[in-house]
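The following exercises ask the reader to work from a structure to statements about its parts. Each task is followed by a solution in steps.

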There are 2 protein chains.
Amino acid sequence: MRNEIMSSPERLRENLAQVLELLETFHHEEALRAAGDPSEPKPSVHNSLPDLRDRLSRMHTADVAQVLESLPLDDRLLAWRQVRDQRGGDILLEVSEAVRSNLLAQISEEELRLAVGQLDADDLVDIADEIPAELLQERLLTLPDDERRWLQSSMAYAEGTIGSLMSNEMVAVRDHLTLDEVLSYLRNLSELPIHTDKIFVVDKRGVLRGVVALQTLLLTGPNKHLSEVMATDVVTFTPDENGDDAAQAFERYDLISAPVLNDRGKLIGRLTVDVMMDLVREESSEEVLNFAGLRGEEDLFSSVWNSARNRWLWLSVNLLTAFVASRVIGMFEGTIAHLVALASLMPIVASIGGNTGNQTTALVIRTLTLGQISASNTFHMLRKEIIVSLLNGVILGLIVSMFAYALYHDPHLSVVFAGALILNLLVAALVGIGVPLMLQKLGQDPALGSSVLLTATTDSMGFFIFLGLATLFLL
Amino acid sequence: MRNEIMSSPERLRENLAQVLELLETFHHEEALRAAGDPSEPKPSVHNSLPDLRDRLSRMHTADVAQVLESLPLDDRLLAWRQVRDQRGGDILLEVSEAVRSNLLAQISEEELRLAVGQLDADDLVDIADEIPAELLQERLLTLPDDERRWLQSSMAYAEGTIGSLMSNEMVAVRDHLTLDEVLSYLRNLSELPIHTDKIFVVDKRGVLRGVVALQTLLLTGPNKHLSEVMATDVVTFTPDENGDDAAQAFERYDLISAPVLNDRGKLIGRLTVDVMMDLVREESSEEVLNFAGLRGEEDLFSSVWNSARNRWLWLSVNLLTAFVASRVIGMFEGTIAHLVALASLMPIVASIGGNTGNQTTALVIRTLTLGQISASNTFHMLRKEIIVSLLNGVILGLIVSMFAYALYHDPHLSVVFAGALILNLLVAALVGIGVPLMLQKLGQDPALGSSVLLTATTDSMGFFIFLGLATLFLL
């Protein structure tokens with residue numbers, strides 16, 4: 001059995017290695033051709049570009065996209081140009097947004113027009129806001145009426161809503177048909193859209209009446225009526241709902257495809273599991289990046305300037321909060337000058353506070369993402385986190401106070417140190433729960449910079465509590 | 001159209017609210033029944049338990065599981081007991097691992113036996129290592145021979161491998177059949193396994209020869225032979241491969257199901273998209289938790305003791321590294337006593353280093369997860385991160401040195417401060433790339449505690465660089 005498509009990461013590495021080698025050979029050949037006296041006849045040098053084109057043409061579109069993402073900007077463009085004529089548009093669709101924006105900036109208007117011409121309405125929706133408006137208009141005019149109308153209405157839905165994620169490729173049949181009639185209708189189509197596990201049954205106004213699974217069509221005798229065999233308890237969606245909620249429903253109810261209805265129950269589109277799976281992957285990648293204080297995914301090869309900008313938002317927040325923490329310490333410079341041991345102990349209070357708070361925040365973010373937070377269990381969670389942090393605080397407090405005593409032989413200092421740690425762990429628990437809940441209430445992603453906000457608080461409060469207690473009790 | 005199953009999170013909240021209300025009413029009734037003189041005849045109090053049972057019985061299994069996850073331990077057990085007789089086993093399968101382990105600890109052996117009896121071999125594999133060995137053996141004896149053999153061989157595969165994730169529910173037919181013969185075979189089955197988008201074609205030794213999509217069966221005339229219509233370029237997997245790699249292949253090639261073959265090409269199982277989607281979700285949730293220094297998912301209502309333990313591993317690492325950072329400062333106590341401003345400025349160096357390093361680490365983890373790291377681009381990435389951190393360092397260094405000058409009017413201090421910040425950002429870039437790459441090389445999840453390890457280094461090195469430079473140049 002032939003198996004050109006393979007799953008293993010080894011295969012992907014192999015693809016990449018082959019492409020890199022062909023590119024290197026090509027650059028070497030270019031150098032040879034450029035060398036020598038321009039007036040003399042060029043030496044005949046083998047050209048590896050056709051080999052590269054051939055290699056790429058045998059790869060799956062998704063694999064080509066992955067290879068492009070791992071190439072430096074120039075080579076990426078060169079490789080894209082080898083597949084441009086047949087699959088340029090599809091590959092632009094497949095690469096990550098960061099990589100696409102770099103490619104779009106490099107290709108000529110003519111190339112973009114060619115690529116856009118290869119995409120149908122369903123694909124165009126996904127990148128409509130990334131291509132120049134005139135070019136999109138130009139392409140719109142060449143689309144059939146129904147596709148154009150569909151594209152225009154889809155573009156009106158906000159990013160991340162079901163309306164922006166649904167497809168217009170689906171099979172819908174009228175409810176008065178027999179299975180036999182449906183089968184001959186399907187045979188006339190010659191091909192069903194990808195991920196068709198069921199067909200939709202509508203009445204004459206286009207209102208969804210039920211669905212029939214392909215397997216029902218296969219396993220049932222052809223003389224029955226659709227209305228006898230269709231399922232009517234269907235998971236349906238509306239275009240304004242959130243895509244993430246739909247992804248959770250797909251997971252929960254093990255769906256492959258589902259109908260999208262407008263508020264009068266009319267069938268207007270279809271959601272499929274591949275789009276939902278991409279969404280889950282994307283959402284999860286953003287969660288880690290947001291948690292760490294980045295705005296979004298970065299192209300591995302994007303310019304230094306773009307990368308620096310991606311990081312600046314939260315770095316400036318961090319800069320401000322660091323100044324605040326520094327001024328908190330500044331308030332107590334007299335105390336530190338008096339007892340310099342405080343300077344070496346205070347980062348322990350801040351650091352352990354930051355880490356326990358990060359643990360709490362990560363758990364709260366997970367719970368929020370899974371939709372498991374209600375009014376009754378927020379209180380329960382808060383109580384548990386406070387008890388856990390008290391427990392951890394007492395144990396950690398004991399250990400750190402022994403550490404401080406071993407170094408400085410000052411029992412009062414040790415007690416103040418342990419007390420400050422316990423208090424800062426309480427602060428960490430409260431803030432660790434509060435920050436993501438607050439971000440969620442503000443309509444933001446609960447992971448958005450929560451680590452930066454949290455450590456800002458546990459740093460400042462840690463210094464304040466420790467140095468404050470020291471000023472009160474040790475001077 | 002009836003729509004009992006709904007997607008919206010509002011509906012889930014509604015489910016939970018109704019269950020909570022019924023539970024509260026029930027507890028109230030219990031209190032009434034318990035009140036009064038035990039010798040007197042009991043007052044007749046309505047019993048809400050049947051209402052609760054009725055409400056739960058109308059909910060989808062996945063929704064019941066979600067409600068259970070949001071209930072405190074006692075109520076969770078009470079609710080599970082209402083659905084135990086029909087769906088106890090399915091619901092145990094559906095809840096998160098943390099919640100399942102709490103439920104398993106609470107239910108009686110008899111209840112567990114009942115629940116286990118409701119599961120078939122395919123489901124048993126998923127929880128085989130969580131139920132007592134004797135009970136599993138007892139259940140094994142009641143399974144048909146082929147299911148028992150399949151279960152035993154599946155249990156031998158390591159967790160997370162494809163072998164442990166594959167199912168034995170699939171349709172395989174011999175390669176000499178006509179489509180007509182296949183159709184009558186399918187009609188005899190009366191039902192196909194969930195997520196059957198294609199059937200597998202095997203030769204007489206069970207070796208996979210190709211696959212036929214259900215839509216091909218539907219759309220093609222019945223007189224053709226399987227060998228004429230089957231596809232032979234199939235994405236296949238082997239049982240020892242990593243499940244995460246399979247999930248990426250499912251995403252990349254938009255698969256619904258795929259065959260699993262042993263090393264002789266024999267069909268031994270099937271992977272389906274629902275399992276892959278769960279894997280992606282699970283992996284992503286672990287990524288954030290691991291990044292923040294937690295061992296794994298926590299039951300919202302697990303005991304304080306279990307929660308504290310989940311956090312201790314990385315907290316103790318953090319404790320040790322905080323001690324190291326503290327001793328680094330301790331080495332320079334003389335310097336600080338001489339110039340106390342250093343104490344208030346040094347956390348800025350540490351904090352900004354930690355944040356930029358976390359950004360780098362999060363990006364590297366993403367790139368590793370997507371399999372985009374090769375020998376050639378590791379170097380490229382390292383070079384870019386160093387340039388970005390130099391750029392950020394110069395800008396941030398300028399700002400912080402102005403801040404320091406405004407406070408302390410000491411130009412030498414300001415220069416040392418800016419220099420220390422630039423150097424610590426370089427350390428952050430190197431360590432931010434190095435930590436996840438090292439964890440990956442060690443065969444660990446690259447996210448595992450990387451935030452803890454990273455901030456440990458940027459703290460200690462930040463203090464060391466700043467106080468060291470200050471000792472050299474300012475005293």
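**Exercise 1: Two neighbouring helices**

Helix 20 of chain B and helix 21 of chain B form a right-handed crossing. The model in which this crossing is seen is a predicted one.

Task: Determine how helix 20 of chain B and helix 21 of chain B are oriented to each other, and state which classes of residue form their contact.

Solution.
- Step 1. Helix 20 covers residues 411-441 of chain B, and helix 21 covers residues 450-473 of chain B. Their axes come within 8 Å and cross at roughly 155°.
- Step 2. An angle over 145 degrees counts as roughly antiparallel. Helix 20 of chain B and helix 21 of chain B are therefore roughly antiparallel to each other.
- Step 3. The contact of helix 20 of chain B with helix 21 of chain B contains 17 nonpolar and 8 polar residues, and no charged residues.

**Exercise 2: A second helix pair**

Task: Classify the orientation of helix 4 of chain B and helix 6 of chain B, and identify the residues that make their contact.

Solution.
- Step 1. Helix 4 (residues 73-94) of chain B packs against helix 6 (residues 109-117) of chain B at an angle of about 80°, and the axes are 7 Å apart.
- Step 2. Angles from 65 to 115 degrees count as roughly perpendicular. Helix 4 of chain B and helix 6 of chain B are therefore roughly perpendicular to each other.
- Step 3. From helix 4 of chain B, the contact takes B:Arg84, B:Gly88, B:Gly89 and B:Leu92; from helix 6 of chain B, it takes B:Glu111, B:Leu114, B:Ala115 and B:Val116.
- Step 4. By class, this contact of helix 4 of chain B with helix 6 of chain B has 4 nonpolar, 2 polar and 2 charged residues.

**Exercise 3: The two chains**

Task: Describe the contact of chain B with chain A, and state how the two copies are related.

Solution.
- Step 1. Chain B contributes 120 residues to the contact, and chain A contributes 120 residues.
- Step 2. On the side of chain B that touches chain A, helix 18 (residues 341-369) of chain B gives the most, with 17 residues. This side of chain B has 62 nonpolar, 35 polar and 23 charged residues.
- Step 3. A turn of 180° and a shift of 0.0 Å along the axis lay chain B on chain A with an RMSD of 0.1 Å. The two copies are thus related as by a two-fold rotation axis.
- Step 4. Both copies use the same surface, since 100% of the contact residues of chain B recur in chain A.

**Exercise 4: Two histidines with positive phi**

Task: For A:His195, decide whether the residue is buried or exposed. Do likewise for A:His409: is that residue buried or exposed?

Solution.
- Step 1. Most residues other than glycine have a negative phi. The phi of A:His195 is near 65°, and that of A:His409 is about 50°; both values are positive.
- Step 2. A:His195 lies in the loop between helix 11 (179-189) and strand 2 (198-202) of chain A. A:His409 is found in the loop between helix 19 (375-408) and helix 20 (411-441) of chain A.
- Step 3. A residue is buried if 20 or more other C-beta atoms lie within 10 Å of its own, and exposed if 12 or fewer do. A:His195 has 22 C-beta neighbours inside 10 Å and so counts as buried. A:His409 has 9 other C-beta atoms within 10 Å and is therefore exposed.

**Exercise 5: Residues within helices of chain A**

Task: State how A:Leu421, A:Val427 and A:Ser153 count by their C-beta neighbours, and list contacts of A:Leu421 and A:Val427.

Solution.
- Step 1. A:Leu421 lies in helix 20 of chain A and, with 28 C-beta neighbours inside 10 Å, counts as buried. Apart from neighbours within four places in sequence, A:Leu421 is in contact with A:Val349, A:Ile352, A:Gly393, A:Leu396, A:Gly397 and A:Val400.
- Step 2. The C-alpha atoms of A:Leu421 and A:Gly397 are separated by 6.1 Å, although these residues are 24 residues apart along the chain.
- Step 3. A:Val427 also lies in helix 20 of chain A and counts as buried, with 20 C-beta neighbours inside 10 Å. Apart from neighbours within four places in sequence, its contacts are A:Gly353, A:Thr457, A:Thr458 and A:Met461.
- Step 4. A:Ser153 lies in helix 9 (residues 145-155) of chain A. With 15 C-beta neighbours inside 10 Å, A:Ser153 counts as partly exposed.

How values were computed. Residues numbered from 1 in each chain as written. Chains lettered and ligands numbered in written order. Predicted model: local features only at pLDDT ≥ 70, side-chain atom pairs only at ≥ 80, totals over all residues. Contact = placed C-beta atoms within 7 Å. Helix = DSSP H or I, 4+ residues; strand = E, 2+ residues; numbered from the N terminus. Nonpolar A, V, L, I, M, F, W, Y, C, P; charged D, E, K, R; others polar. Least-squares fit on C-alpha atoms with pLDDT ≥ 70 in both. Axes fitted to C-alpha atoms, helices over the stretch in contact; angles between N-to-C directions. Parallel < 35°, antiparallel > 145°, perpendicular 65-115°, else oblique. Left-handed = near helix turned anticlockwise from the far one by under 90°.
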